[in-house]
Amino acid sequence: MIYLQGEVAYDAPAAARDGPRTEDTTMNGAEKEAAKSAARWWRGNLHTHTFWSDGRAFPEESISWYKARGYNFLGLSDHNVYQDDPDRWIAETGRERYFGEYLAAFPDARTRTGAEGIREARLSTFAELAARFDEPGRFALVPAFEATRTVKYSDGRSHQVHMNVVNVPKLLPSIASPDFVRTEDDVPLPRFVARHARETAAFAAARGERALFMLNHPIWQWYDIAPEVLAETPEVRFFEVCNNGTEIAAAAELPQDGFDTDRFWDVANAFRARRGLPLLYGLGGDDTHVYRGEPHGGMLMPFNAWTLVRSASLDGDSLVAAMERGDFVACEGLEPEDVSFDRATRTLSVSVAAKPGAARTVRFFVSKRDFSETPVRTIAIRPAAEPDSAVHERTVNVYDDRIGREVATFRGAPGEAVRASYAMQPDDLYVRARVEEPGQTLCTANLHPKGKLVAWTQPCA
Ligand SMILES: [Zn+2]
Ligand SMILES: [Zn+2]
């Protein structure tokens, strides 16, 4: 049984859709040939927590709930731990309710009596969980963990840096090391993030694996990662454009005219595109910590933000390969029907199916080649509640409207399908699209799209 706070208005998850997707042109010739006529959409969430760290569910519960909801892949991304220790036990104390529900649903779970007569349950490993839940063509558990770090500066500032390492079934050596400490001092953030990305790539390459490295919730909690950090770290190809748990207490001090993760994304990509760096792609993720309506409000609950990937096969390597091609969509309550980019005409096309009563809109955004790298203004933030502390002191740059400019809007009438396309102009650095529908998911944090369900395509150029 799973408890959600209130009913979510979006579509019941349609499992991956059948049918050929031959219109796609985001791949190169060989890749396209290989994927031709077999590719389909798979729904998944690569940001989930369990009792392996601070999530409040056993991994079997988390997986079975996502699977029952129609998800095709899931990454359990616990903090600084990979689920490969076959001798990890947790005590029942303070978790009585969870133990009761877990043991009722999974009576084969292993328990023992620990110190002082307290019952303990063993946490299942990734290998055990995959063996239990994986189903070819229906569900795949993908290895993951969340590298969870903090950088502190001598001026008093403290920045949290959280990075998901996906599809590598082992903790990064630097984090597994007995010398590991969560906090480092005075490392410039671009260097710090790039170092982890490079370690991930080298570690996976040495093991013959295909890793996905993602910078998580950059604006959590106090705008801890600025877009300029991602403007100069081409090693980072992915970030969370939509994190269900993102909040930023400083939002009241930021401009209210659309200053959100979309704007963040466009700033990073405008700079990257101008420098010839690969465009940054955006995922959606639940960052699930609570499953039963515990405190945290609607945040950090399951089934709010996800990633829809188009791939011929449902396995970690194929999913990561598709995402490296940009063949995926970040979703918060809404999924497009089709997305394609025609390289010859540089046209991005998006179609959205009709839904009874729902008015759906497709918006196209670009950044212009002549944008100014000089901020229009710089906002200094020091939280009002912390007048004497520099811990969360930040500066946020606001750039001109040649970054992230909305250039085309297609509005469907209620109940109408929308087919929209935009041909890039010579002065566009890239184009991306956002699909919207009035509604409200459980994501209500600051800087989140309000009053709408949203799907984000990847930027194309
Ligand atoms: Zn995190
Ligand atoms: Zn997390």
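**Two zinc ions, aromatic pairs and a buried cysteine**

Let me begin with the metals: the zinc ion (ligand 1) and the zinc ion (ligand 2) lie 3.4 Å apart, and Glu146 coordinates both of them. Please keep in mind throughout that this is a predicted model, and that the distances I quote are computed from it.

Staying with the zinc ion (ligand 1), its protein donors are Glu146 through OE, His162 through ND1 and His217 through NE2, at 2.1 to 2.2 Å from the ion. Along the chain, these donors follow the spacing E-x15-H-x54-H. His162 belongs to strand β8 (residues 158–166), whereas His217 sits in the loop between β10 (212–215) and α7 (227–231), so this pair ties together parts of the chain that are 55 residues apart in sequence. As for exposure, His162 counts as buried at 4% relative accessibility, and His217 is buried as well, with a relative accessible area of 5%.

I turn now to the aromatic rings, where a search of the whole structure finds 21 aromatic pairs. One of these is formed by Phe51 and Tyr98, which meet edge-to-face at 5.4 Å centre to centre, with 80° between the planes. Because Phe51 lies in the loop between β1 (40–48) and α2 (59–68), while Tyr98 is in helix α3 (residues 96–105), the pair ties together parts that are 47 residues apart in sequence. Phe51 and Tyr98 are both buried. The rings of Tyr281 and Phe328 have their centres 6.0 Å apart and their planes at 85°, and as the cut-off for edge-to-face is over 60 degrees, that pair is edge-to-face too. Here the link runs from Tyr281 in strand β12 (residues 281–285) to Phe328 in strand β14 (residues 328–332), which are 47 residues apart, and both residues are buried.

Returning to Phe51 and Tyr98, they are part of one aromatic cluster that also takes in Phe58, Phe99, Tyr102 and Phe106.

Rings also meet charges in this model: the charged end of Arg43 sits over the ring of Tyr71, 5.7 Å from its centre, and Arg157 lies over the face of Tyr153, at 4.5 Å from the ring centre.

Finally, where is Cys443 placed? Cys443 is in the loop between β22 (428–438) and β23 (452–456), and it is buried, with a relative accessible area of 0%. Leaving aside residues up to four places away in sequence, Cys443 touches Asn244, Asn304, Glu332 and His448. Of these, Asn304 is 139 residues from Cys443 in sequence, yet the two are 6.8 Å apart in space, C-alpha to C-alpha.

Note on methods: Residues are numbered from 1 along each chain as its sequence is written. Chains are lettered from A and ligands numbered from 1 in the order in which they are written. This is a predicted model: local features need pLDDT of at least 70, side-chain atom pairs count only at pLDDT 80 or more; totals for chains, interfaces and linings use all residues. Side-chain values use heavy atoms; hydrogens and water are left out. Helices (H or I, at least four residues) and strands (E, at least two) are DSSP runs, numbered from the N terminus. Buried means under 20% relative accessible area, exposed over 50%, partly exposed in between (1.4 Å probe, protein chains only). Contact means heavy atoms within 4.5 Å. Rings of Phe, Tyr and Trp (its six-membered ring) pair if their centres lie within 6.5 Å; planes under 30 degrees apart count as stacked, over 60 as edge-to-face and the rest as tilted. A charge sits over a ring if NZ of Lys or CZ of Arg is within 6 Å of the ring centre and within 35 degrees of the ring normal. Donors are N, O and S atoms within 2.8 Å of the metal (3.2 Å for Na, K and Ca); water is not among the atoms, so sites may look incomplete.
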